[in-house]
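Grab a pencil and your viewer. Below are a few short exercises on cysteines and surface features, each with a worked solution.

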Amino acid sequence: MGLDSTWPKVVQLAQEKAPDAIGSVHAGDLIEGVRFITINATTDSTFLRPDVLPSCSGAECPSTRVAALWVEYQAAWLDHILGESPSKWNVVTFHQPVYSASAGRDEPHLRGPWVPVFQEHNIDLVQMGHDHVYARGFNNENKTDLDGVTDGPVYIVQNSGAKHYDLASSGLTLPLKGGRFTSTREIDGYPMTQAPTAARVQNARRRPPVWAYAWWAATGALLGFGVAGLLTIGIFLLPVAIALAVVGALWKPLSTHSVVALGGGLSAAPLYLAWINRSGPGAVCEALADGATSCADRWSPWPFVAVAVILLAGSCLVTVHMRRSRDLRPASPDV
């Protein structure tokens, strides 16, 4: 599938659905499971004003609110579209940004109607341009317990040309090239944590929250004890472990790199078996309270210790590798 087979069909369907459209915007590749939604942030009243408007007087007449109505109508339309979107990932693109990192730029008339819609529907990515700088950030209400990590929409202003503007000086910290940094400011009551830079960087992956690791560790522990005690208590533990694993695989906050904690949880069962066989191998006798002696055959604890160490070491190595892969690459010195 390519431009020669897919693109003509897309254009044909678009023209059939909107035969009166005066233009079109294609936001990116045709990727399954990702929906790109383009809205128009241009509020030129001359361009938007119809040739004929009904007579009206007063401050609320459409003729006095052409630009505002254009933004509000799109907010209502976008709210409807996102409420019915079946896509796993939703990306909204437009030109003038709702959060500006360029000196002298501000678009409160866009921010007021649109940001609440983005936040309510937890848009995955909001892509904007216009300001000729690079900035990435999120609303502080979407912070997690890890610095710089958000579970809400990511707002990004980008520039692909050779023309660059100065970064806004108020409330922003100019970064070192390729460095990690954040700065906070509040715009019209919307607190934003921004990461503006003129350097070329590689986006860092979001770190899963601590409770996500705990979830998978508990799942691994239940699974390990369920298998070890299959003929006894294990028959009750295994269904719980399977249910937790299914929820973790399907629920977006858990279907992340935190699954590496599963290995750590699995190590709990062999560690427990190593402890109860710590006096093995061979027959181990214990004196009871009534003076009698109880003897039982014990296994060597070391194979269980070895299994636990392998599981723990594997989990730690994978975690370290993933953390390193999230690091930002240094920018080239000529950027």
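**Exercise 1.** Find how many disulfides the structure holds, and which cysteines are joined.

*Solution.* Start with the criterion: a disulfide is a pair of cysteine sulfur atoms within 2.5 Å. The structure, a predicted model, holds one disulfide. C285 is joined to C295, with an S to S distance of 1.9 Å. Next, place the two ends: C285 sits in strand β8 (residues 282-287) and C295 in strand β9 (residues 293-298), 10 residues apart. Strands here are DSSP runs of E, at least two residues, and helices are runs of H or I, at least four residues, numbered from the N terminus.

A word on the ground rules: residues are numbered from 1 along each chain as its sequence is written, and side-chain values use heavy atoms, leaving out hydrogens and water. Local features need pLDDT of at least 70, side-chain atom pairs count only at pLDDT 80 or more, and totals for chains, interfaces and linings use all residues.

**Exercise 2.** Work out why the disulfide of C285 and C295 is right-handed.

*Solution.* Look at the torsion about the S-S bond: it comes to about 105°, so the disulfide is right-handed.

**Exercise 3.** Are C285, C295 and C316 buried, partly exposed or exposed?

*Solution.* Use the cut-offs: buried is under 20% relative accessible area, exposed is over 50%, and partly exposed is in between (1.4 Å probe, protein chains only). C285 has 48% relative accessibility, so call C285 partly exposed. C295, at 47%, is partly exposed too. For C316 the value is 48%, which again means partly exposed.

**Exercise 4.** Locate W251 and classify its exposure.

*Solution.* W251 lies in the loop between α6 (234-250) and α7 (261-266). Its relative accessible area is 42%, so W251 is partly exposed.
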